[in-house]
Amino acid sequence: QGVWGRALWRNKNIRLISRSYFLDRFVLFVFVFWFYLYLTDERGFSVLKGGLYNSLPYVFALVMLPLSGKLCDALASRTSRSHARRMFAIGAMLLAALCLFLGALVSAPLPAILCLSLAVGFLMSTEGPFWSTLAEAAGPHTGTAGGVMNTAGNLAGVVSTALVPVLVRQAGWVTTFGLCAALLVVAGLIWLYVRVEEQVPPVEEAESTVAGAD
């Protein structure tokens, strides 16, 4: 198990995907834990309206997730699956960054909420490309690789939950959302270097690691 773990961590694609997932989840957890307070404290909504609007990002995600799967499959029919997933992940994260940036700057509350909800929809639409690309990169050891990526995502949640209140207190919500948009741009650009179609098959990679250990 140790040998397989080291082989997976030496896999450049798995490392890159996990790093991008960390940044992706960092931003998502901002909405999971702090969006309601943003609505009530920054935008001045009542407790009831804040709770109502707090659900909008997940309504958008509910609609956009299956549509994104259809779109990604349509792209894959015209090019390779790996290329389609890469381009879709980059596009979705860049669009999420744009919506997040616009939502932070718009002064009118409702258009801002729509932009921010769209940002979450695009952000959650990357789940398919993340997990399917990871599965292709890890081969028969997808479960272990999934644990690595999921750990990165959960660690991002810990960091985000602790750091966001400090950022908001010191710099305000506009700056905080601007930083999150920048992180999404970086997360998207990381995918430019994910090349699952060019990697050594996972079984061969692990066997060479075992041979080296011997």
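Axes are lines fitted to C-alpha atoms, for helices over the stretch in contact, and angles run from 0 to 180 degrees between N-to-C directions. The exercises below apply this to a predicted model.

**Exercise 1. Describe the packing of helix H3 on H4, and classify the angle between the two axes.**

Step 1. Helix H3 covers residues 47-54, and helix H4 covers 56-76.

Step 2. The axes of H3 and H4 lie 5 Å apart, at an angle of about 20°.

Step 3. Angles under 35 degrees count as roughly parallel, and H3 and H4 are therefore roughly parallel to each other.

Step 4. H3 brings Leu 52, Tyr 53 and Asn 54 to the contact, while H4 brings Leu 56, Pro 57 and Tyr 58.

Step 5. Sorted by class, the residues of this contact are 5 nonpolar, 1 polar and no charged.

**Exercise 2. Give the geometry of the pair H2 and H5, its handedness, and the residues that form the contact.**

Step 1. Helix H2 spans residues 12-42 and helix H5 spans residues 81-105; their axes come within 13 Å and cross at roughly 30°.

Step 2. With the cut-off for roughly parallel set at under 35 degrees, that angle makes H2 roughly parallel to H5.

Step 3. The crossing of H2 and H5 is left-handed.

Step 4. On the H2 side the contact is made by Ser 20, Asp 24, Val 27, Phe 31 and Tyr 38, and on the H5 side by Met 93, Leu 100 and Gly 103.

Step 5. The contact of H2 with H5 has 5 nonpolar, 2 polar and 1 charged residues.

**Exercise 3. Which elements build the largest nonpolar core, and which of them gives the largest share?**

Step 1. The largest nonpolar core holds 51 residues.

Step 2. Two or more residues of this core come from each of H2, H4, H5, H6, helix H7 (127-138), helix H8 (142-171) and helix H9 (173-190).

Step 3. H2 supplies the largest share, 13 residues.

Step 4. The residues with the most contacts inside the core are Val 27, Phe 31, Leu 100 and Phe 177. Val 27, Phe 31 and Leu 100 also take part in the contact of H2 with H5.

Step 5. Beyond its neighbours within four places in sequence, Phe 31 is in contact with Asn 54, Tyr 58, Leu 100, Leu 116, Val 120 and Phe 177.

**Exercise 4. Decide whether Ser 117 and Ser 82 are buried or exposed, and list what each one touches.**

Step 1. Ser 117 sits in helix H6, residues 109-124, and Ser 82 sits in helix H5.

Step 2. Buried means under 20% relative accessible area. Ser 117 has 0% relative accessibility and so counts as buried; Ser 82, at 9%, counts as buried too.

Step 3. Leaving aside neighbours within four places in sequence, Ser 117 is in contact with Leu 56, Pro 57 and Phe 60. Leu 56 and Pro 57 are also part of the contact of H3 with H4.

Step 4. With residues up to four places away again not counted, Ser 82 touches Glu 136, Val 196 and Glu 197.

Step 5. The C-alpha atoms of Ser 117 and Cys 99 are 8.4 Å apart, with their positions 18 residues apart along the chain.

**Exercise 5. Summarise the protein chain: how many helices and strands, and what share of residues is buried?**

Step 1. The chain has 10 helices and 0 strands.

Step 2. Of its 214 residues, 44% count as buried.

Step 3. Taking contacts between residues at least 6 apart in sequence, 79% join residues at least 24 apart.

Key. Residues numbered from 1 in each chain as written. Predicted model: local features only at pLDDT ≥ 70, side-chain atom pairs only at ≥ 80, totals over all residues. Heavy atoms only, no water. Helix = DSSP H or I, 4+ residues; strand = E, 2+ residues; numbered from the N terminus. Parallel < 35°, antiparallel > 145°, perpendicular 65-115°, else oblique. Left-handed = near helix turned anticlockwise from the far one by under 90°. Contact = heavy atoms within 4.5 Å. Nonpolar A, V, L, I, M, F, W, Y, C, P; charged D, E, K, R; others polar. Buried < 20%, exposed > 50% of the residue type's maximum accessible area, 1.4 Å probe, protein only. Core = buried A, V, L, I, M, F, W, Y, C linked by side-chain atoms within 4.5 Å.
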